[in-house]
Number of protein chains: 2
Amino acid sequence: MNKAELVAQIKKKESYLCVGLDTDINKIPAHLRDSDDPIFEFNKQIIDATHQYCVAYKPNIAFYEALGTKGWESLQRTLDYIPKDIFTIADAKRGDIGNTSKLYAKAFFETMNFDSITVAPYMGVDSVTPFLEFHDKWVILLAHTSNPGSHDFQLIENGEEKALYETVIEKSRQWATAEHLMFVVGATQAERIGHIRSLAPDNFFLVPGVGAQGGDLEAVSKEGMNNECGLLVNSSRGIIYAGSDEDFARAAGMAASNLQAEMKGYLEKYM
Amino acid sequence: MNKAELVAQIKKKESYLCVGLDTDINKIPAHLRDSDDPIFEFNKQIIDATHQYCVAYKPNIAFYEALGTKGWESLQRTLDYIPKDIFTIADAKRGDIGNTSKLYAKAFFETMNFDSITVAPYMGVDSVTPFLEFHDKWVILLAHTSNPGSHDFQLIENGEEKALYETVIEKSRQWATAEHLMFVVGATQAERIGHIRSLAPDNFFLVPGVGAQGGDLEAVSKEGMNNECGLLVNSSRGIIYAGSDEDFARAAGMAASNLQAEMKGYLEKYM
């Protein structure tokens with residue numbers, strides 16, 4: 001999916017919601033556990049209930065990998081089930097030397113058919129660029145995350161008071177246009193999102209951390225939006241575990257619908 | 001496997017060789033491609049031919065992941081086939097927020113049964129520590145890699161002229177002892193390995209980049225060794241693709257044997 005198509009979907013659905021499919025076998029409703037593929041069955045019903053309110057799905061790859069080959073099968077079935085007009089994100093945080101990143105790119109963009117993958121920047125240019133050689137595929141590079149450990153290295157300043165995350169944004173924008181490169185920007189400090197928007201005016205930001213992790217959707221939207229929206233705001237647990245019984249899918253749909261309604265207002269106000 | 005057991009294996013085999021199982025379906029000998037599981041068949045014969053000369057195997061996870069669920073099956077069979085007294089490294093370069101890293105740890109340490117996993121440090125403490133909570137399991141943290149992109153971020157100095165890779169080593173050594181934490185240290189600049197040894201006297205270093213990537217084994221050994229050896233030096237392509245026909249395993253065995261003989265000399269000279 002290219003940027004124009006993504007922006008068109010956002011406008012059409014009046015939503016920049018990404019639903020995080022962090023599907024945990026221990027958290028899905030009991031009545032699903034006896035099905036052949038409980039993870040897929042859960043995801044399928046979540047997708048049925050939420051797809052009209054969101055523009056992206058983001059399976060967290062660790063949750064599938066932890067289940068071994070069966071988990072990868074559930075992931076592939078989930079990916080195949082997602083409607084084709086919805087953007088897909090492999091939240092995999094990969095990144096390795098050139099020939100290895102090339103294989104990860106092949107795994108997620110060809111063997112599977114994700115639109116995008118999250119990538120860790122530590123190994124630099126040749127760990128990132130192999131993901132950029134695919135038509136209409138995207139790198140979503142970790143810039144400033146919202147977890148406690150984000151302070152350990154991402155905020156270290158060089159001699160000119162430029163933080164590592166700022167250098168990551170500055171350098172990587174030389175490797176790819178905003179047609180192929182997004183950034184992961186945590187939601188916990190909205191004022192920093194405004195600053196990051198000034199560093200990367202045209203790039204989309206994937207913003208985790210609204211909801212369970214404590215970010216404020218209005219502040220994020222106000223500070224982070226550009227004239228194409230430029231945001232994909234993720235909610236995982238707040239949607240997929242909104243209910244815990246046989247009614248779980250309806251509860252997830254309602255949670256997604258509520259977020260979409262809120263987002264509609266911010267699109268009118270801030271885009 | 002704990003550190004004492006690893007050191008005992010190094011002394012017994014007079015080797016600190018790690019064989020990288022970067023097994024590429026397009027590079028394995030033609031006569032294997034018709035077998036049920038060509039990747040496993042190749043690895044099995046490589047292991048048979050090299051296990052007496054090495055103390056560790058390091059499957060590069062991307063090569064298996066690129067093949068989908070079939071690749072994960074080949075990986076599991078390979079792991080099950082490796083003799084139990086040989087240290088196993090999942091070269092996966094994972095790292096994510098706490099609850100996600102916990103699942104990656106579960107995937108590689110429990111679902112599979114690797115001794116160790118390579119981890120990227122960008123997200124900081126809570127992305128690393130979940131891997132440290134397993135008995136006799138290891139984190140091998142990226143510190144200073146040997147790829148071209150290593151210069152992009154790893155060498156950035158803070159206001160006190162401390163490079164990012166130095167901060168990574170310094171901080172992470174507060175998170176775990178040398179019983180659970182190794183560092184990835186590239187082989188291309190041996191003098192830097194000496195410096196890193198001064199920063200982390202007791203930690204093992206996993207050193208890729210000898211051979212195909214151009215590092216010098218004697219210089220690395222001289223600068224990097226401590227009194228427990230403290231090194232695992234990896235060779236992938238130089239061993240597993242030493243031959244390309246039906247004789248490939250014998251060629252791999254000879255390449256491993258040659259490296260072991262060289263290492264034996266350096267252990268006598270520098271340990």
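Which residue does UniProt list for "active site" in its unreviewed entry? I looked this up first and found that the record names A:Lys93. I note that the model before me is predicted.

**Entry on A:Lys93**

I located A:Lys93 in chain A, where it belongs to strand β3, residues 87-94. I then asked whether A:Lys93 is buried or exposed. Its relative accessible area is 6%; because buried means under 20%, A:Lys93 counts as buried.

I next looked up the surroundings of A:Lys93. Leaving aside residues up to four places away in sequence, I found that A:Lys93 touches A:Thr118, A:Val119, A:Ala120 and A:Leu142 within chain A, and B:Lys93, B:Gly95, B:Asp96 and B:Met123 in chain B. I also recorded a polar contact of 2.9 Å between the side chains of A:Lys93 and A:Asp91.

**Entry on the two chains**

Since A:Lys93 touches residues of chain B, I turned to the relation between the copies. How is chain A superposed on chain B? I noted a rotation of 180° with 0.0 Å of shift along its axis, at an RMSD of 0.0 Å. This is the relation of a two-fold axis. The same surface serves both copies, as 100% of the contact residues of chain A recur in chain B.

**Entry on B:Glu191**

I placed B:Glu191 in helix α9 of chain B, which spans residues 190-199. With a relative accessible area of 57%, B:Glu191 is exposed. I also looked up its separation from B:Gly224: the two residues are 33 residues apart in sequence and 8.9 Å apart in space, C-alpha to C-alpha.

Notes: Residues are numbered from 1 along each chain as its sequence is written. Chains are lettered from A and ligands numbered from 1 in the order in which they are written. This is a predicted model: local features need pLDDT of at least 70, side-chain atom pairs count only at pLDDT 80 or more; totals for chains, interfaces and linings use all residues. Side-chain values use heavy atoms; hydrogens and water are left out. Copies are superposed by least squares on the C-alpha atoms of residues with pLDDT of at least 70 in both. Contact means heavy atoms within 4.5 Å. UniProt positions are given in the numbering used here, feature names are shortened, and annotations may be inferred rather than shown by experiment. Helices (H or I, at least four residues) and strands (E, at least two) are DSSP runs, numbered from the N terminus. Buried means under 20% relative accessible area, exposed over 50%, partly exposed in between (1.4 Å probe, protein chains only). A polar contact is a pair of N or O atoms within 3.5 Å; within protein, one must be able to donate a hydrogen and the other to accept it, and residues adjacent in sequence count only if both atoms are side-chain atoms.
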